[in-house]
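Reader: I'd like to go through the labels on this model one by one and hear the reasoning behind each. Could you start with the term we will need most?

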Amino acid sequence: GSGGSLSLTGASSTVRVDTGTATLALPLAVAGDLTKQGAGTLDLAGDSTIAAGIRAMDGVLRVTNGAEVDANAALADTGGHLEVVGPDSTLSVTSAQDGSLGIGLSEAGTLSVTGGGVVEVNTNSPTQIGHNAGGDGNVVISGAGSEMRLLDGGLDLGFSGGAGEVT
């Protein structure tokens with residue numbers, strides 16, 4: 001939808017997109033976690049604030065259209081894909097406590113940053129890519145202006161028996 005804004009007030013909110021693409025082209029405020037499920041794609045095309053974590057558990061969760069999405073944590077696992085696509089599209093993961101960016105912690109997960117998109121991580125915990133046994137994390141950064149900024153917290157790549165790759 002477009003126009004107005006959307007507030008999700010529960011401790012945990014789930015958006016399911018089984019096929020195709022659903023686009024939220026409006027400001028989104030989430031009081032707790034936001035989990036994307038289903039094989040389809042959810043586009044966040046409006047500025048969004050997620051008080052807790054954002055999770056792509058299967059299918060694609062995409063930040064696009066110059067949107068800025070702020071979250072305490074971000075996770076792509078269980079076949080999920082996080083994508084940040086296009087100029088001025090930004091995913092910021094900021095936490096003074098336990099939040100972090102996790103890609104493929106216990107199963108397959110992918111983060112793609114393309115077309116000038118930016119991922120910025122500023123947490124006390126390390127960014128984890130392919131962290132645990134069975135974890136398979138892949139990060140792909142491509143295209144002019146595309147960036148992944150790790151401002152604090154460090155990086156665990158292929159830690160504790162997982163497989164991690166950054167290209």
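Author: Gladly. A residue is called buried under 20% relative accessible area, exposed over 50%, and partly exposed in between. Please keep in mind that this is a predicted model.

Reader: Then what makes R149 partly exposed?

Author: R149 has a relative accessible area of 30%. Partly exposed is the class between 20% and 50%, so R149 is partly exposed.

Reader: How do you know that E120 and R149 form a salt bridge?

Author: The label asks for a side-chain nitrogen of Lys or Arg within 4 Å of a carboxyl oxygen of Asp or Glu. For the side chains of E120 and R149 the N to O distance is 2.9 Å, so the pair meets the cut-off of 4 Å. E120 lies in strand β14 (residues 118-123) and R149 in strand β17 (residues 147-152), so the bridge ties together parts that are 29 residues apart in sequence. E120 is partly exposed, at a relative accessible area of 24%.

Reader: Which other residue meets R149 in a salt bridge?

Author: That is E147, with 2.8 Å from N to O. E147 has 32% relative accessibility, so it counts as partly exposed.

Reader: Why are R62 and E83 called a salt bridge?

Author: Their closest N and O atoms are 2.9 Å apart, and the definition accepts such atoms within 4 Å, so the name applies. This pair links distant parts of the chain: R62 is in strand β8 (residues 59-63) and E83 in strand β10 (residues 80-85), 21 residues apart. A network of salt bridges joins D43, R62 and E83. Over the whole structure, the search finds six salt bridges.

Reader: What makes E83 buried?

Author: Its relative accessible area is 19%. Buried means under 20%, so E83 takes that label.

Reader: How do you know that D156 is buried?

Author: D156 has 17% relative accessibility, and the limit is under 20%, so D156 counts as buried. D156 lies in strand β18. Leaving aside residues up to four places away in sequence, D156 touches P126, T127, Q128, I129 and H131. The C-alpha atoms of D156 and A22 are separated by 33 Å, with their positions 134 residues apart along the chain.

Reader: Why is Q128 called buried?

Author: Q128 comes out at 17% relative accessibility, which is under 20%, so Q128 is buried by that rule. Its place is in strand β15 (residues 127-129). With residues up to four places away in sequence left out, Q128 touches L101, G102, I103, L105 and D156.

Reader: What makes L150, L155, L157 and V166 a nonpolar patch?

Author: Patch members need over 30% relative accessible area and no salt bridge, with nonpolar side chains joined within 5 Å. L157 has 42%, so it passes the area test, and it is partly exposed. L157 lies in strand β18 (residues 155-157). The four residues of the patch have about 310 Å² of accessible area together.

Reader: And why do D47, E68, D70 and D88 form a patch of negative charge?

Author: Asp and Glu count as negative, and like charges are joined within 9 Å. D70, in strand β9 (residues 68-76), has 34% relative accessibility. The area test asks for over 30%, so D70 passes. D70 also counts as partly exposed.

Notes. Residues are numbered from 1 along each chain as its sequence is written. This is a predicted model: local features need pLDDT of at least 70, side-chain atom pairs count only at pLDDT 80 or more; totals for chains, interfaces and linings use all residues. Side-chain values use heavy atoms; hydrogens and water are left out. Accessible areas come from the Shrake-Rupley method with a 1.4 Å probe; for residues, only the protein chains shown count as cover. Helices (H or I, at least four residues) and strands (E, at least two) are DSSP runs, numbered from the N terminus. Buried means under 20% relative accessible area, exposed over 50%, partly exposed in between (1.4 Å probe, protein chains only). Contact means heavy atoms within 4.5 Å.
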